[in-house]
Amino acid sequence: MRQFYEFFAGGGMARAGLGAGWHCAFANDFDPRKAAAYRANWGEDDLVCADIASLTPSDLPGQADLAWASFPCQDLSLAGVRGGLGEGGEGGEGATRSGTFWSFWALIEKLRGAGRGPRLVVLENVEGAITSKGGADFTALATTLAQAGYSFGALVVDAKHFVPQSRPRLFILAVPRDLVTPPGLTIEVVPPRWVTERLVAAYERLTPAVRAAAVWWNLSSATTLPSPLSDLIETEGVAWHEPSITDHLLSLMTPLHRAKIAAAQATGHRQVGTVYRRTRADGQGGKAQRAEVRFDGFAGCLRTPSGGSSRQTLMVVEGPVVRTRLLTAREAARLMGLPDSYILPARYNDAYHLAGDGVVVPVVAHLARHLIEPVLDFDDLSRASRAAA
């Protein structure tokens, strides 16, 4: 059975995506509320709830095939701190000052120095990591991987191909440069899927030495269409807004979005959409709050509930009747691909935060089945062949 470490583990969504063929040897998260959710679903044995900067190789058992790190999107202070990598020692001042990614990477480097480095590393973050600080953050990540002796490739996978949620995320998969990958799993030209213009431009900005370590992963397409949003929503025990709240949301809509509602009403069928409140230019040099609705069968990207506008609102239209309510915690979990058997925190905000900070389970499963596992399987065969020669 494959062994993996899950860093910034949250509720263990990477673990859920990897599935039964993988054994979690170690998991880590700093947030005690997320740690409680992790333990409720996966047990007590594997998780250490602590600042990653405080961890040392002795805290991690064995040697993992995979290290998965969905480091916080708020921690994109990557550029300009590479010189401090490892300066703080094991959990020392320098590691903390450099941010959580650098603490994670310092730990990986120590594992490698002890001959226990994982064969494959996956980094996951928001798509904005490609362009943050004018692209300097992506360049810092790529340079770090290349200088450590890794080949790496980046993908932008939108969860809308797997679940009814628009959620593009950056995934960087890195392997030691002497690890031979299966034929056809990397491609010399820009692949036709899972790539954006911004990602291509980020590759082009790399120095020749770093670019020499970069590859394009030839990841296959999703094989099935996701269920529509309407199939995921709950119908019993939900709390609808008072009509005055719905009327206020409608008052914040431009004619374009009111027309979307009218079109939904004209179908004569029940239509399910989602609403976000956003701040937009008012056309007079100022700003105004607007409500924007979509009826395309997809939810917008789940966010952490830092304020009312970040909580996604459902709108259900049935003829002349328009009703609205907040997305429930279970619906948010379903949009992340979690089964209904997954135990959610009791508090709404905690459950929504867990979902909004997570990685979509079927996306992890697709990466594992079509990229991670084939790479490791081929490496196993290559090692066996060399040993027999």
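Begin by selecting strands β10 (residues 271–281) and β12, which run antiparallel and are joined by five bridges; strands are DSSP E runs of at least two residues, numbered from the N terminus, and two of them pair if DSSP finds at least two bridges between them. This is a predicted model, in which local features need pLDDT of at least 70, side-chain atom pairs count only at pLDDT 80 or more, and totals for chains, interfaces and linings use all residues. Residues are numbered from 1 along each chain as its sequence is written, and side-chain values use heavy atoms, without hydrogens and water.

Select Val316 next: its bridge partner in β10 is Val272, and in β13 it stands opposite Arg323. Six bridges join β12 to the antiparallel strand β13 (residues 321–326). The two form a hairpin with two residues between them, and Gly319 in the turn has a positive phi of about 60 degrees. Five of the six residues of β12 (residues 313–318) are buried (under 20% relative accessible area, 1.4 Å probe, protein chains only), so the strand is largely enclosed by the rest of the structure.

Move to Asp29, in strand β2 (residues 22–29). Asp29 is buried yet has no salt bridge (a side-chain nitrogen of Lys or Arg within 4 Å of a carboxyl oxygen of Asp or Glu); the nearest side chain of opposite charge, Lys34, is 5.1 Å away. A polar atom of the Asp29 side chain lies 3.2 Å from the backbone nitrogen of Ala9.

Finally, select Trp68. Beyond its neighbours within four places in sequence, its contacts (heavy atoms within 4.5 Å) include Phe7, Phe171 and Ile372.

Conventions: Helices (H or I, at least four residues) and strands (E, at least two) are DSSP runs, numbered from the N terminus. Buried means under 20% relative accessible area, exposed over 50%, partly exposed in between (1.4 Å probe, protein chains only). Lys and Arg count as positive and Asp and Glu as negative; His and the chain ends are not counted. A polar contact is a pair of N or O atoms within 3.5 Å; within protein, one must be able to donate a hydrogen and the other to accept it, and residues adjacent in sequence count only if both atoms are side-chain atoms.
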